[in-house]
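Visitor: I would like a close look at one charged residue and how it is placed. Please also set it beside other charged residues in the model.

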Amino acid sequence: MNTSAFFPHITLIGVGLIGGSFMLDLKRLGLVQTVTGIDTNADNLNYALDCGIIDHAYPNICAESIGNADLVLIATPVSVLPDVCRDIKPFLKETACVSDVGSTKQSALDAFRTHLSERLPQCFAAHPIAGSDQSGAKSARCGLFQNSRLIITLHGQEASDGLRRLKSLWQAVGSQIFTMSAEEHDNIFAAVSHLPHLTAFAYVHALFDHPHGKDYLPYAATGFRDFTRIASSHPAVWTDICLANRPALLKLTGDLKEQLSKLEQLLSDGNKTELYRYFEEAAQMRNDWLKNR
């Protein structure tokens with residue numbers, strides 16, 4: 001594989017699950033020569049350095065940490081992206097590309113347009129559809145993106161060469177590439193990712209706010225574990241995501257309330273036939289989804 005077609009030096013801002021896993025795969029495949037990591041958590045940064053995720057470590061954005069990068073990959077919480085774009089601008093070399101991995105894309109494009117407008121052709125808004133409820137460099141692992149999807153939301157001015165090279169990197173680690181508008185992306189992921197997290201957080205609160213909720217927990221088993229797994233996700237990350245995608249989520253929380261009201265009415269009426277049908281339809285929809293994955 002011709003490594004010159006990629007990005008020899010990558011600076012990773014925010015060394016965690018997504019960015020760290022990406023760097024591990026690229027290093028394993030020989031598709032990056034040098035990785036510089038920037039992170040405000042010294043312990044996290046030192047771990048990433050010790051285990052070979054990164055080659056150089058910096059606690060902040062500066063000429064030394066940004067100036068040699070062929071690609072700056074921003075893997076921070078989405079609320080930080082505008083400040084990061086503003087801060088890296090003076091240090092970017094002329095040919096450098098910039099990309100992100102955040103799960104809200106309208107906010108990402110806004111940050112690129114506001115703070116990197118002169119470099120917009122070299123800015124690429126991307127979202128790898130992979131991860132877990134874990135965070136930090138210790139959660140990084142090889143193979144995370146195998147058979148996954150990568151969404152790129154186009155702003156319309158992308159330089160073809162930079163876009164081609166970025167796509168090639170993600171394809172090399174196992175991702176299939178899809179493109180769509182930022183608005184469509186945010187609506188989709190509000191429904192299939194962000195709302196499930198909100199629901200899991202709300203359910204855990206409902207249980208713990210119940211006067212006997214803590215007494216019930218010793219009897220919880222796999223159903224509780226599986227349903228609430230994503231409630232262990234990093235609160236700072238999900239606060240930022242939910243606020244960044246607020247309009248789509250507000251619509252969906254209204255839809256969820258309607259479904260809960262429907263269930264409440266069926267239970268109140270003791271309507272066994274309709275309750276069975278409601279459950280059967282949901283089971284069939286999920287089973288169809290599993291078959292078509």
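Guide: What follows looks at glutamate 158 and then at some salt bridges elsewhere in the chain. The model is a predicted one.

Glutamate 158 sits in a loop, with strand E7 (148-153) on one side and helix H6 (160-172) on the other. Is the residue buried or exposed, and which side chain of opposite charge is nearest? Glutamate 158 is buried, and the nearest such side chain belongs to arginine 113, 7.6 Å away. Side chains of opposite charge can pair when their charged atoms come close. A salt bridge here needs a nitrogen of Lys or Arg within 4 Å of a carboxyl oxygen of Asp or Glu, so a distance of 7.6 Å does not qualify. Glutamate 158 therefore has no salt bridge.

What does the side chain of glutamate 158 reach instead? It reaches the backbone nitrogen of glycine 156, at 3.0 Å. Leaving aside residues up to four places away in sequence, glutamate 158 also touches Pro121, Cys123, Phe124, Thr153 and Leu163.

Now to arginine 113 itself. Arginine 113 forms a salt bridge with aspartate 110, where the closest N and O atoms are 4.0 Å apart. Both residues belong to helix H5 (residues 106-115), and they are three residues apart, about one turn of the helix. Aspartate 110 is partly exposed, with a relative accessible area of 44%, and arginine 113 is also partly exposed, at 40%.

Helix H6, which comes after the loop of glutamate 158, holds another pair. Aspartate 161 and arginine 165 lie in this helix, four residues apart, again about one turn. Their side chains form a salt bridge, at 3.2 Å from N to O. Aspartate 161 is partly exposed, at 38% relative accessible area, whereas arginine 165 counts as buried, at 14%.

A buried acidic residue can also be found in a salt bridge in this model. Aspartate 25 has 0% relative accessibility and counts as buried. Aspartate 25 forms a salt bridge with arginine 28, with 3.0 Å between the closest N and O atoms. The two are three residues apart in helix H1 (residues 17-29), which means that about one helical turn separates them.

Salt bridges can also join up: Asp83, Arg86 and Asp87 are linked in a network of them. The count for the model comes to 13 salt bridges, and glutamate 158 has none.

Key:
Residues numbered from 1 in each chain as written. Predicted model: local features only at pLDDT ≥ 70, side-chain atom pairs only at ≥ 80, totals over all residues. Heavy atoms only, no water. Buried < 20%, exposed > 50% of the residue type's maximum accessible area, 1.4 Å probe, protein only. Lys, Arg positive; Asp, Glu negative; His and termini not counted. Polar contact = N/O pair within 3.5 Å; in protein donor to acceptor, adjacent residues only side chain to side chain. Contact = heavy atoms within 4.5 Å.
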